[in-house]
Amino acid sequence: SRLLVLHGPNLNLLGTREPGIYGETDLDEIDRRLILQATSGGAELACFQSNAEHALIERVQQASSDGVDGIIINPAAFTHTSVALRDALAAVAIPFIEVHLSNIHAREPFRQHSYFSDIARGVIAGLGPLGYELALSALLENTERN
Ligand code: DQA
């Protein structure tokens with residue numbers, strides 16, 4: 001199967017960005033582990049980070065023509081703002097899992113609404129980088145069965 005991990009704005013700063021909230025693991029490390037996990041699960045995984053909404057939208061649209069079977073997305077701040085990125089995911093109709101490093105429900109009120117959760121296959125928040133690995137396990141299981 002073909003899988004895609006999308007990371008939204010400021011996640012390129014992981015490791016140094018508010019480590020008390022987001023941890024000390026950097027994005028390259030997270031991606032490296034996920035690629036290893038995907039490979040041993042017999043899947044092909046691409047990872048993409050952008051600070052730009054339009055770049056993420058274009059990557060989602062491209063996923064459709066690339067034949068991607070599943071997406072893991074941490075929309076970061078776009079979680080709480082982006083109807084456009086939500087619409088892109090709805091348009092391509094590729095199953096996706098929403099991941100957040102922090103528990104957005106235990107933080108500021110403006111983080112407690114997501115434009116993605118109601119159309120996501122599943123949502124994981126508050127488990128740090130492990131959340132991505134759990135999401136990947138779920139996608140690997142699902143795509144194996146299809
Ligand atoms: C985040 C939570 C968002 O509220 C925040 O804007 C982020 C990261 C998380 O992974 O915990 O940038 O998505």
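Asn74 is a good place to start: leaving out residues up to four places away in sequence, Asn74 touches His7, Gly8, Leu11, Val99 and His100. Here, touching or being in contact means that the C-beta atoms of two residues, placed from the backbone, lie within 7 Å. What you see is a predicted model, in which local features need pLDDT of at least 70, side-chain atom pairs count only at pLDDT 80 or more, and totals for chains, interfaces and linings use all residues. Residues are numbered from 1 along each chain as its sequence is written. From Asn74, the tour goes on to the sheet, the ligand and the annotated positions.

**The sheet**

- Five strands in the order E2-E1-E3-E4-E5 form an open sheet with parallel pairing; strands are said to pair if DSSP finds at least two bridges between them.
- Strand E2 (44-49) and E5 stand at the edges with a single partner strand each, so one side of each has no neighbour in the sheet.
- From one strand to the next, the twist averages 15 degrees.
- The names come from DSSP runs numbered from the N terminus, with helices (H or I) having at least four residues and strands (E) at least two.
- E1 and E2 run parallel and are joined by 6 bridges, and Leu4 stands opposite Ala46 in E2.
- E1 also runs parallel to E3, with 5 bridges between them; the bridge partner of His7 is Asn74 in E3.
- E4 and E5 are parallel too, joined by 4 bridges, and Val99 stands opposite Ile124 in E5.
- Strand E1 is largely enclosed by the rest of the structure, because 5 of its 6 residues are buried. A buried residue has 20 or more other C-beta atoms within 10 Å of its own, an exposed one has 12 or fewer, and a partly exposed one falls in between, with C-beta atoms placed from the backbone.

**Helices across the sheet**

- Helix H2 (residues 27-40) lies across strand E1 (2-7) and E2, running at about 165 degrees to E2.
- Helix H3 (residues 53-66) lies across E1, E2 and E3, and runs at about 180 degrees to E1.
- These angles go from 0 to 180 degrees between N-to-C directions, using axes that are lines fitted to C-alpha atoms, for helices over the stretch in contact.

**The ligand and the binding-site annotation**

- Which residues surround the ligand? They are Asn10, Asn74, Ala76, Ala77, Thr79, His100, Leu101, Ser102, Ile104 and Arg111, where a residue counts as near a molecule if its C-beta atom, placed from the backbone, lies within 6 Å of it.
- This shell divides into 4 nonpolar, 5 polar and 1 charged residues. Nonpolar covers Ala, Val, Leu, Ile, Met, Phe, Trp, Tyr, Cys and Pro, charged covers Asp, Glu, Lys and Arg, and the others, Gly among them, are polar.
- An unreviewed UniProt entry places the feature "binding site" at Asn74, His80, Asp87, Leu101, Ser102 and Arg111.
- Those positions span 38 residues in sequence and their farthest two C-alpha atoms are 24.1 Å apart, so they do not all gather at one spot.
- UniProt positions follow the numbering used here, feature names are shortened, and annotations may be inferred rather than shown by experiment.
- Asn74 lies in strand E3 (residues 70-74) and is buried, with 25 other C-beta atoms within 10 Å.
- Arg111 sits in the loop between strand E4 (96-100) and strand E5 (122-125). With 17 C-beta neighbours inside 10 Å, Arg111 is partly exposed.
- Setting aside neighbours within four places in sequence, Arg111 is in contact with His80 and Ile104.

**The active-site annotation**

- The unreviewed UniProt entry gives "active site" for Tyr22 and His100.
- These two span 79 residues in sequence, yet their C-alpha atoms are no more than 9.3 Å apart, so they gather at one spot.
- Tyr22 belongs to helix H1 (residues 19-22) and is buried, with 20 other C-beta atoms within 10 Å.
- Beyond residues up to four places away in sequence, Tyr22 touches Leu14, Arg17, Leu101 and Ser102.
- His100 is found in strand E4, and its 22 C-beta neighbours inside 10 Å make His100 buried.
- With the same four-place limit in sequence, His100 touches Asn74 and Ala125.
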